[in-house]
Amino acid sequence: MVERLAHLTEIHPLLWIYLAAISLITFCLYGFDKYQARHNRRRIPERLLHMLALLGGTIGALVGQHFFHHKTKKLKFRLMFIIIVIVQAGLIS
């Protein structure tokens, strides 16, 4: 297992910066969407939240879901998120 993950340390630094940035953006949008939901305002489409996770913001999405207690009870949303995580895990292994 360690050998399989060793190649992750060889990823270009710009990719790490991209992943950190997309995760931060995704996290912030989860927070913003939760704020909008609490104030009965226009929401961020679920498709956009999933797209951001798919584009590399998975960590930000996961942390945002738990930190803001957002999108944790909606089964359809959670299943799509799990599929995204499984696809990404398959791509890096």
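Is Arg43 buried, exposed or partly exposed? Arg43 counts as partly exposed, because its relative accessibility comes to 38%. Keep that residue in mind, since Arg43 turns up again in point 4 below. Here are my notes for anyone opening this structure for the first time.

1. **What you are looking at.** This is a predicted model. The protein has 4 helices and 0 strands, so to speak an α-α-α-α run when you read from the N terminus. Taken along the principal axes, the C-alpha atoms fill a box of roughly 50 × 25 × 20 Å. There are 93 residues, and buried ones make up 28% of them.

2. **Contacts along the chain.** Look at the contacts between residues at least 6 apart in sequence: 68% of these join residues at least 24 apart. For a single pair to get a feel for distances, try Ile59 and His39, which sit 20 residues apart in sequence and 26 Å apart in space, C-alpha to C-alpha.

3. **Helix H4.** Start with the length of H4, which covers residues 75–92. With 18 residues at 1.5 Å a residue, H4 should span 26 Å, and its end C-alpha atoms are indeed 26 Å apart, so the two agree. The buried residues here are Phe77, Phe81, Ile84 and Gln88. Down the axis of H4, these buried residues fall within an arc of 55 degrees, which means that they line one face of the helix. As a reminder, an α-helix has 3.6 residues a turn, so residues three or four places apart point the same way. On the other side of H4 you will find Leu75, Lys76 and Ile86, which are exposed. And what covers the buried face? The cover over the buried residues of H4 includes helix H2 (13–38) and helix H3 (46–67).

4. **Arg43 and Asp33.** The structure holds 3 salt bridges. One of them joins Arg43 to Asp33, with the closest N and O atoms 3.0 Å apart. This pair links distant parts of the chain, as Arg43 is in the loop between H2 and H3 while Asp33 is in helix H2, 10 residues apart. The two partners are not alike in exposure: Arg43 is partly exposed at 38%, whereas Asp33 counts as buried because its relative accessibility is 0%.

5. **The Glu46 network.** Glu46 is worth clicking on. Lys71 forms a salt bridge with Glu46, the closest N and O atoms being 2.9 Å apart. That pair also links distant parts of the chain, with Lys71 in the loop between H3 and H4 and Glu46 in helix H3, 25 residues apart. Glu46 has a salt bridge with Lys74 too, where the closest N and O atoms are 2.5 Å apart. Here the partners are 28 residues apart, and Lys74 is again in the loop between H3 and H4. Since they share partners, these salt bridges join Glu46, Lys71 and Lys74 into one network. As for exposure, Lys71 is buried with a relative accessible area of 11%, Glu46 is partly exposed at 23%, and Lys74 is partly exposed at 42%.

6. **Lys34, a charge without a partner.** Which side chain of opposite charge is nearest to Lys34? That would be Asp33, but it is 8.7 Å away, and Lys34 has no salt bridge although it is buried. Lys34 belongs to helix H2. Its side chain does reach the backbone oxygen of His69, at 3.1 Å. Setting aside residues up to four places away in sequence, Lys34 touches Phe68, His69 and His70.

7. **Ser23 and Ile59.** Ser23 is another residue of helix H2. Ser23 counts as buried because its relative accessible area is 12%, and the cut-off is under 20%. Leaving out residues up to four places away in sequence, Ser23 touches Gly56, Gly57, Thr58, Ile59 and Gly60. One of these, Ile59, is in helix H3. Ile59 counts as exposed, because its relative accessibility of 57% is over 50%. So here a buried residue, Ser23, touches Ile59, which is exposed.

Methods. Residues are numbered from 1 along each chain as its sequence is written. This is a predicted model: local features need pLDDT of at least 70, side-chain atom pairs count only at pLDDT 80 or more; totals for chains, interfaces and linings use all residues. Side-chain values use heavy atoms; hydrogens and water are left out. Helices (H or I, at least four residues) and strands (E, at least two) are DSSP runs, numbered from the N terminus. The expected span of a helix is 1.5 Å times one less than its number of residues. Buried means under 20% relative accessible area, exposed over 50%, partly exposed in between (1.4 Å probe, protein chains only). The arc is that of the directions from the helix axis to the C-beta atoms. Contact means heavy atoms within 4.5 Å. Lys and Arg count as positive and Asp and Glu as negative; His and the chain ends are not counted. A salt bridge is a side-chain nitrogen of Lys or Arg within 4 Å of a carboxyl oxygen of Asp or Glu. A polar contact is a pair of N or O atoms within 3.5 Å; within protein, one must be able to donate a hydrogen and the other to accept it, and residues adjacent in sequence count only if both atoms are side-chain atoms.
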